[in-house]
Amino acid sequence: MDCDKCDREAVMHAAYSGLHLCDDHFCRSVEKRLRRRIRDDDLLPASATPDDPQVWLVGLSGGKDSVVLTKILHDTFAEDPRIELVALTIHEGIEGYRDKSLDACLELTDDLDIRHEVVSYEEEFDLRMDDVVEKDPENMAACAYCGVFRRDLLSKYAEEYGADKLLTGHNLDDEAETALMNFLEGDVAQVAKHFDASLAGFDERSEQEEFVPRAKPLRDVPEKEVALYAHLENLPAHITECPHSSEAYRGEIQQLMLSLEENHPGTRHSIMAGYEELAKLAAGEFGAGEGKRELNECERCGAPTTQDMCRKCSLVDAIHAV
Ligand code: SF4
């Protein structure tokens, strides 16, 4: 089958759009979608200048999503003095997993000449995810602990490096899964939070001064296309899954989404189109700007929290008490 844009051989067929694309037209279409998302979400404010550049902290795990995000951001802004990229890798302490993906991160940031920082749960919290899974004081899935710790470190280091934005490599599948999970859990406040935290453009977000704002520039690109891009561009992405990933509820939603998309191409796009409209309405009712709860500083670490102690410090205490 030929490419729909030229007479070269197609390397992919997107069932949701009907397009067949060759390697070159496919890669350019991924880059175009990411750049369009940056424009549509107003990620780069007019106030950014070469003398006062924006610092964008990129969460770089070494998996295909964050590697592709970092590469395209670099190619787009390497010559633009208004943007400074910093990559941050978090080592969770999972045997046989993060060490290899850390190699991929080092190779990429070395190739691209991007500032790269590495932090670990071990140094920050005196624990490794392997021990957390064994102790499990709260009887929760591994990802429930890991997500709290990761969010804490991303926020902490975004502040520390003076970042204006925190960018993560969530793709279309990730976002459609989150939307579906929020619906299935009946959590309207979470839907509102999702909108304010990352779906809304920067011109329509409710102000949350306590947090460095987040963005997900890859969220229009399906997961398989991100993987194909990484392969075609020969990027050093690590493909092994975390051994705890299938334990999560998200794993079940992933399977459901795959089968829905296969039988009804375009499902992920239509979920997100409808969800964004509803999330915007929910944000008007429950968003950060409406009935906003006062945030305290955690008595232990100073992070913003609605309690006396933040969730991360409570979990760290519970794990160390076992
Ligand atoms: Fe952490 Fe879960 Fe991701 Fe593994 S899959 S790195 S445990 S959040």
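Two strands count as paired here if DSSP finds at least two bridges between them. Strands (E, at least two residues) and helices (H or I, at least four) are DSSP runs, numbered from the N terminus. What you are looking at is a predicted model, in which local features need pLDDT of at least 70 and side-chain atom pairs count only at pLDDT 80 or more, while totals for chains, interfaces and linings use all residues. Residues are numbered from 1 along each chain as its sequence is written, and side-chain values use heavy atoms, with hydrogens and water left out.

**The sheet**

Let's start with the strands. Five of them make an open sheet, running in the order E5-E4-E3-E6-E7, and the pairing is parallel. At the edges stand E5 (115-120) and E7 (214-215); each has a single partner strand, so one side of each has no neighbour in the sheet. Over at the E7 edge, strand E6 (residues 165-167) pairs with E7 in the parallel sense over two bridges. There, Leu 167 has Ala 215 in E7 as its bridge partner.

Further along, strand E3 (residues 54-59) pairs with E4 over six bridges, again in the parallel sense. One matched pair to look for is Trp 56 with Leu 85 in E4. How enclosed is strand E4? Eight of the nine residues of E4 (residues 83-91) are buried, so the rest of the structure largely encloses this strand. "Buried" means under 20% relative accessible area, "exposed" means over 50%, and "partly exposed" is in between (1.4 Å probe, protein chains only).

**Salt bridges**

Now for the charged side chains. Side chains of opposite charge can pair when their charged atoms come close. A salt bridge here is a side-chain nitrogen of Lys or Arg within 4 Å of a carboxyl oxygen of Asp or Glu. A search of the whole structure turns up 25 of these salt bridges. Here are a few to find:

| Pair | Closest N to O |
|---|---|
| Lys 71 and Asp 75 | 2.5 Å |
| Arg 82 and Asp 80 | 2.8 Å |
| Glu 124 and Lys 156 | 2.8 Å |

Lys 71 and Asp 75 sit four residues apart in helix H2 (residues 64-77), which means about one helical turn separates them. Lys 71 is buried at 14% relative accessibility, whereas Asp 75 is partly exposed at 37%. In the next pair, Arg 82 is partly exposed with a relative accessible area of 31%, and Asp 80 is buried at 14%.

The third salt bridge joins Glu 124 and Lys 156. This pair links distant parts of the chain, with Glu 124 in helix H4 (residues 121-125) and Lys 156 in helix H6 (residues 142-160), 32 residues apart. Glu 124 is partly exposed at 24%, and Lys 156 is partly exposed too, at 36%. There is also a network of salt bridges linking Arg 37, Asp 41, Arg 219, Asp 220 and Glu 276.

**Surface patches**

Patches are built from residues with over 30% relative accessible area and no salt bridge, joining like charges within 9 Å and nonpolar side chains (Val, Leu, Ile, Met, Phe, Trp, Tyr) within 5 Å. Which residues gather in a patch of negative charge on the surface? They are Glu 95, Asp 99, Asp 103, Glu 107, Asp 110, Asp 111 and Asp 113. Asp 110 lies in helix H3 (residues 98-112) and is exposed, at 62% relative accessible area.

Elsewhere, Phe 183, Leu 278 and Leu 281 make a nonpolar surface patch of about 310 Å². Leu 278 belongs to helix H11 (residues 267-286) and is partly exposed, at 45% relative accessibility.

Technical notes
Accessible areas come from the Shrake-Rupley method with a 1.4 Å probe; for residues, only the protein chains shown count as cover. Lys and Arg count as positive and Asp and Glu as negative; His and the chain ends are not counted. The place of a charge is taken as NZ of Lys, CZ of Arg, CG of Asp or CD of Glu.
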